[in-house]
Amino acid sequence: MNGIRAVVICLVIACAALVSPAAAVTPNWSALPVPAAAPPVTVSDLAARGPREAWATGYEHAADGPRPMLYRWNGSSWSRDTGFPGAGELGWLGKAQFVGDEMWVFRNRVGEGEILRRSAGAWNAVPLPQTLWTYQDFAAVPGAAWVVGEDDTGLKVLHYDGSRWTAQSTPDGVHYVMGITARTATDAWAWADTSSGATVLRWNGTVWRDANVSPPPNSNVHTILLEPSGRVTVGGSQYTGGRARTYLMTFDGHTWRTTYPPLGDTHTEAMVRGPDGALWLPVRSDRAFQSKYARVDGVRTTFSYGPERTNAIDVTPRALARAGFSLLSFGTVEIYGSKPHLMSERLGGRP
């Protein structure tokens, strides 16, 4: 009997080993109610500081133009915040970041760029020194902030040191800065477009230089994830054989390693490091009534689905954030016969 039992156990283990890692499914997410905004809506970003505070940004598509949209998570529910300056004016809210004890949000206010700062429960605005045609991205850390975009003279990298703005130069051959992120005031990274393709730049506190990162041939960069440990993850798409495939480049402090997880042509902009140490990002779902998320842990990729939503024809998480031991998601859901409205989901934490 013991011999037969041992054989059965071995067969179970062997069968489990044959299951494709990409097909494995992790525990489901739970839905979090979000107060309604006027649909259709666009979600820009999500930032969390622990399990009891998160902020989501975006805008409503009103008849007279976009109107800013800001939501706050308090650990148990989402509520809409309309206390920031000009909340009822036209414009949109972009990237949100915690800077020390403050919350910073980039805002386009009827074409004028500014940074909204929330400190001690009150909002104030920091205007930009000039108006840009395009506001491409924003990053902030204690002691520094950057806004990248373009005006009639070309590329602009605007730097804020806490008291004044200055324009920073980039290496020759850089045509456009697509995005920017920072670990500290003297360690910022940007991804840019050049005549020879995508490149990665790094700020050392004095000057922007080529970071000596070599993305795959015929590729672009979607995002760069910086971590306090020094680990860096670059995510993007490579075009080969007329098709796009997602790639990840990881720097462990010594060497770069490139992998191609089975994610199709997923955009990696919303990628975060989860509380379990793996990379998480939303992917295109094969189920119209459920969202879908990928978990990438080294060479192993698994997937999980959000809760089923009755009559949904598209469920799209737009942003992820680690919130303590949980993951928060913020995005949109389109119910048959209606325009997309807001949705939020959580993995971990209390139901």
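Two strands are taken as paired if DSSP finds at least two bridges between them. In the predicted model described here, strands S26 and S27 run antiparallel and are joined by 10 bridges. Within this pairing, Pro317 stands opposite Gly331 of S27. The two strands form a hairpin with two residues between them, and Gly324, located in the turn, adopts a positive phi of about 70 degrees.

Strands S26 (312-323) and S27 (326-335) also contribute to the largest nonpolar core, each supplying at least two of its residues, as do strand S2 (41-48), strand S3 (54-62) and strand S4 (65-73). This core comprises 18 residues, of which Leu46, Tyr71, Trp78, Leu328, Phe330 and Leu342 touch the most other members. With residues up to four places away in sequence left out, the contacts of Leu342 are Val34, Pro35, Ala37, Val41, Val43, Met69, Tyr71, Phe330, Gly331, Thr332 and Val333. Apart from the largest core lies another, of 17 residues, including Ala139, Trp146, Val157 and Ala190. In soluble globular proteins, nonpolar side chains tend to be buried together.

Aromatic contacts were examined next. A pair of aromatic rings is described by the distance of the centres and the angle of the planes. The structure holds 13 aromatic pairs. One of them is formed by Trp29 and Tyr293, whose rings are stacked, with 3.8 Å from centre to centre and 20 degrees between the planes. This pair links distant parts of the chain, 264 residues apart: Trp29 belongs to the loop between helix H1 (2-18) and strand S1 (30-32), whereas Tyr293 belongs to strand S24 (residues 292-297). Trp29 and Tyr293 are both buried. The pair Trp203 and Trp208 is tilted, because the ring centres are 5.9 Å apart and the planes stand at 45 degrees. Trp203 and Trp208 are likewise both buried. In addition, Tyr71, Trp73, Trp78 and Phe330 form one aromatic cluster; Tyr71, Trp78 and Phe330 are also among the core residues that touch the most other members.

Two arginine residues are placed over tyrosine rings. The charged end of Arg245 sits over the ring of Tyr260, at 3.7 Å from the ring centre. For Arg287, the charged end sits over the ring of Tyr305, at 3.6 Å from the ring centre.

Strands S10, S11, S12 and S13 form an open sheet in the order S10-S11-S12-S13, with antiparallel pairing. Strand S10 (134-141) and strand S13 (165-168) stand at the edges with a single partner strand each, so one side of each is left without a neighbour in the sheet. From one strand to the next, the twist averages 20 degrees. The pairing of S10 with strand S11 (residues 144-151) is antiparallel and extends over seven bridges, and Val141 stands opposite Ala144 in S11.

Phe138 is also located in strand S10. Its relative accessibility is 1%, and Phe138 therefore counts as buried. Not counting residues up to four places away in sequence, Phe138 touches Lys95, Gln97, Trp104, Val105, Phe106, Ile115, Ala145, Trp146, Val147 and Ile180. The C-alpha atoms of Phe138 and Ile180 are 6.4 Å apart in space, while the two residues are 42 apart in sequence.

Another open sheet consists of four strands in the order S14-S15-S16-S17, and the pairing is again antiparallel. Its edges are strand S14 (174-184) and strand S17 (208-210); each has a single partner strand, so one side of each is left without a neighbour in the sheet. Neighbouring strands of this sheet are turned against each other by 30 degrees on average, direction ignored. Strand S16 (residues 197-203) pairs with S17 in the antiparallel sense over three bridges. Arg202 has Arg209 in S17 as its bridge partner.

Thr240 lies in strand S19 (residues 232-240). With a relative accessibility of 42%, Thr240 counts as partly exposed, because this class lies between the limits of 20% for buried and 50% for exposed residues. The C-alpha atoms of Thr240 and Val283 are separated by 20 Å, the two residues being 43 apart along the chain.

Notes:
Residues numbered from 1 in each chain as written. Predicted model: local features only at pLDDT ≥ 70, side-chain atom pairs only at ≥ 80, totals over all residues. Heavy atoms only, no water. Phe/Tyr/Trp six-rings, centres within 6.5 Å; stacked < 30°, edge-to-face > 60°. Buried < 20%, exposed > 50% of the residue type's maximum accessible area, 1.4 Å probe, protein only. Lys NZ or Arg CZ within 6 Å of the ring centre and 35° of its normal. Axes fitted to C-alpha atoms, helices over the stretch in contact; angles between N-to-C directions. Core = buried A, V, L, I, M, F, W, Y, C linked by side-chain atoms within 4.5 Å. Contact = heavy atoms within 4.5 Å.
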